[in-house]
Amino acid sequence: MKQWEEAPITDVLGIKIYSFGLYCAIGVLCAVAAIYVLCRAANMKKGTSSLLSLISIAFGIIFSRLLFCLSAIIISGGIPFSAWFRISSGGWSFFGMIIGVMLAAKLSSVLLKEDKNKLLDYVCCALPLVMAAERFAERLFDGFNVSRELQGNGFPRNTFLAVQDAYYPDVSFMATYLCAAICSILLFLILVVYLTRPYREDGDIWILFMILVGAGGIMLESLRYDSHLEYSFVRFQQVIAAVMMVIGVVTASLRNRGAHKGFMRTAFISLPLAVGACGGIEYALDRTTINHYLLYAVMFVVLAIPVTFGILLLIKREKGAERS
């Protein structure tokens with residue numbers, strides 16, 4: 001995300017720190033604690049949680065910045081290569097951070113000779129804590145990660161999900177950063193509960209993470225209206241989210257081992273239809289007079305189809321294992 005010279009500053013023991021960075025640091029510490037607990041509960045070799053956390057933090061920062069700079073090439077012709085390393089200016093990519101952390105888990109599995117799926121499960125279970133902290137911290141920047149202007153008395157005006165314009169008291173927006181933060185907390189709870197399923201296999205958590213974050217990212221990135229990483233009507237982070245959802249559903253289908261071919265066919269057919277429909281809705285939002293609430297209701301429904309079948313393919317495989 002962008003950083004401004006007037007960005008809020010917090011004084012910690014006489015040291016001036018970006019308030020945004022402080023929120024993110026708290027989220028990272030919580031995620032590291034979660035990784036430590038999960039690795040310890042799994043009796044993994046000593047040092048696994050430390051190395052996994054260290055590489056995840058490093059890769060998360062690197063890939064977040066890298067993806068932002070690469071996206072800027074298409075959006076604005078790019079920024080000077082020397083500026084790529086000036087982390088106090090420019091911006092960051094939320095989904096770049098997610099990609100970096102997942103790659104860190106794969107690298108850590110090679111270095112530690114641990115199961116890749118287990119490490120991916122653990123970082124994906126911890127990631128929502130960082131995601132929630134980062135999204136909540138976006139409230140510090142006026143006009144960042146908020147929706148289009150709410151017309152009339154439409155929802156969520158006059159609720160905690162609305163934010164008022166700093167200069168025009170009659171203008172308000174949906175606080176999409178807060179919606180994203182709440183969804184991240186819910187995602188964390190879902191993954192923790194799923195982690196306790198008796199017939200869960202290693203790898204199920206990161207697949208579920210990909211499905212839910214992918215579908216949720218498509219919708220949440222559409223709701224925001226701050227032009228972050230946007231080219232024409234295309235939002236690059238939506239594209240990444242769509243790819244994540246597709247990978248998650250396809251992988252869930254493959255892990256089902258062909259036990260439910262009807263579900264697999266439906267999931268595969270629904271994926272291009274859902275992605276195509278979301279692209280059409282994205283184009284129509286600001287180019288037609290169709291009611292936005294109706295368009296987002298349709299987007300939710302078409303995304304729910306591949307998500308539902310992707311989750312069913314994971315659960316049905318578990319039930320098959322239970323019977324055997």
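How do the residues of the lining of the second largest pocket divide into nonpolar, polar and charged, and what are the counts? In this predicted model, the split comes out at 19 nonpolar, three polar and two charged. The pocket itself has a volume of about 640 Å³. Its lining takes in 24 residues, and the ones closest to the centre are Cys183, Leu212, Ala215, Gly216 and Leu220. Five elements each give two or more residues to this lining, namely α3, α4, α5, α6 and α9, the last of these running over residues 292-323. Helix α6 is the one that gives the most, with nine residues.

Next comes the enclosed space. When it comes to looking for voids, rolling a probe the size of a water molecule over the atoms shows where empty space is left. Here that search turns up one cavity of 30 Å³ or more, and the largest cavity holds about 40 Å³ of space. Its lining is made of Arg135, Asn145, Thr176, Ala180, Leu220, Glu221 and Arg224. Two elements, α5 (176-195) and α6 (204-223), supply two or more residues each to that lining. By residue class, the cavity lining splits into two nonpolar, two polar and three charged residues. Leu220 turns up in the lining of this cavity and also among the residues closest to the centre of the second largest pocket.

Then there is the packing of nonpolar side chains. In soluble globular proteins, nonpolar side chains tend to be buried together. The largest nonpolar core in this model counts 74 residues, and Ile98, Met131 and Phe209 are the ones with the most contacts inside it. Helix α6 gives the most to this core, with 13 residues. A second core, separate from that one, has five residues, among them Cys24, Ala137, Phe141 and Phe144. Back in the largest core, Ile98 is worth a closer look: leaving out residues up to four places away in sequence, Ile98 touches Leu127, Met131, Phe209, Val213 and Met244. Two of these partners, Met131 and Phe209, are themselves listed with Ile98 as having the most contacts in the core.

Ile98 also features in a helix pair. As a rule, two packed helices are described by the angle between their axes and the distance between the axes. For α3 (residues 94-112) and α7 (residues 236-255), the angle is about 35 degrees and the axes are 9 Å apart. On the α3 side the contact is made by Phe94, Phe95, Ile98 and Ile99, while α7 brings Gln237, Ile240, Ala241 and Met244. Sorted by class, this contact has seven nonpolar residues, one polar and no charged.

A few backbone details stand out along the loops. The peptide bond from Phe155 to Pro156 is cis, with omega near 10 degrees, and Pro156 sits in the loop between α4 and β3 (162-164). That loop also holds Asn145, a non-glycine residue whose phi is positive, near 55 degrees. Asn145 has a relative accessible area of 2%, so it counts as buried. The side of the story told by the cavity fits in here too, with Asn145 part of the lining of the largest cavity. Leu229 is another non-glycine residue with a positive phi, about 50 degrees. Leu229 belongs to the loop between α6 and β5 (230-231), and it counts as buried because its relative accessibility is 6%.

Is Asp142, by contrast, buried or exposed? Asp142 lies in the loop between α4 and β3 and counts as exposed because its relative accessibility is 60%, above the 50% cut-off. From Asp142 to Ala42 the chain covers 100 residues, and their C-alpha atoms are 43 Å apart.

Lys116 belongs to helix α4, which spans residues 116-137. Its relative accessible area of 39% falls between the 20% and 50% cut-offs, so Lys116 is partly exposed. Apart from neighbours within four places in sequence, Lys116 is in contact with Lys106 and Ser109. The C-alpha atoms of Lys116 and Arg287 are separated by 45 Å, with the two residues 171 places apart along the chain.

Methods. Residues are numbered from 1 along each chain as its sequence is written. This is a predicted model: local features need pLDDT of at least 70, side-chain atom pairs count only at pLDDT 80 or more; totals for chains, interfaces and linings use all residues. Side-chain values use heavy atoms; hydrogens and water are left out. On a 1 Å grid over the protein atoms alone, a cavity is a set of points where a 1.4 Å probe fits but cannot get out, and a pocket is an open set with protein on both sides within 12 Å along at least five of seven lines; lining residues have an atom within 4 Å of a point. Grid points are joined across faces, edges and corners, and a volume is the space filled by probe spheres set on the points. Helices (H or I, at least four residues) and strands (E, at least two) are DSSP runs, numbered from the N terminus. Ala, Val, Leu, Ile, Met, Phe, Trp, Tyr, Cys and Pro count as nonpolar, Asp, Glu, Lys and Arg as charged, and the others, Gly among them, as polar. A nonpolar core is a set of buried Ala, Val, Leu, Ile, Met, Phe, Trp, Tyr and Cys residues joined through side-chain atoms within 4.5 Å. Buried means under 20% relative accessible area, exposed over 50%, partly exposed in between (1.4 Å probe, protein chains only). Contact means heavy atoms within 4.5 Å. Axes are lines fitted to C-alpha atoms, for helices over the stretch in contact, and angles run from 0 to 180 degrees between N-to-C directions.
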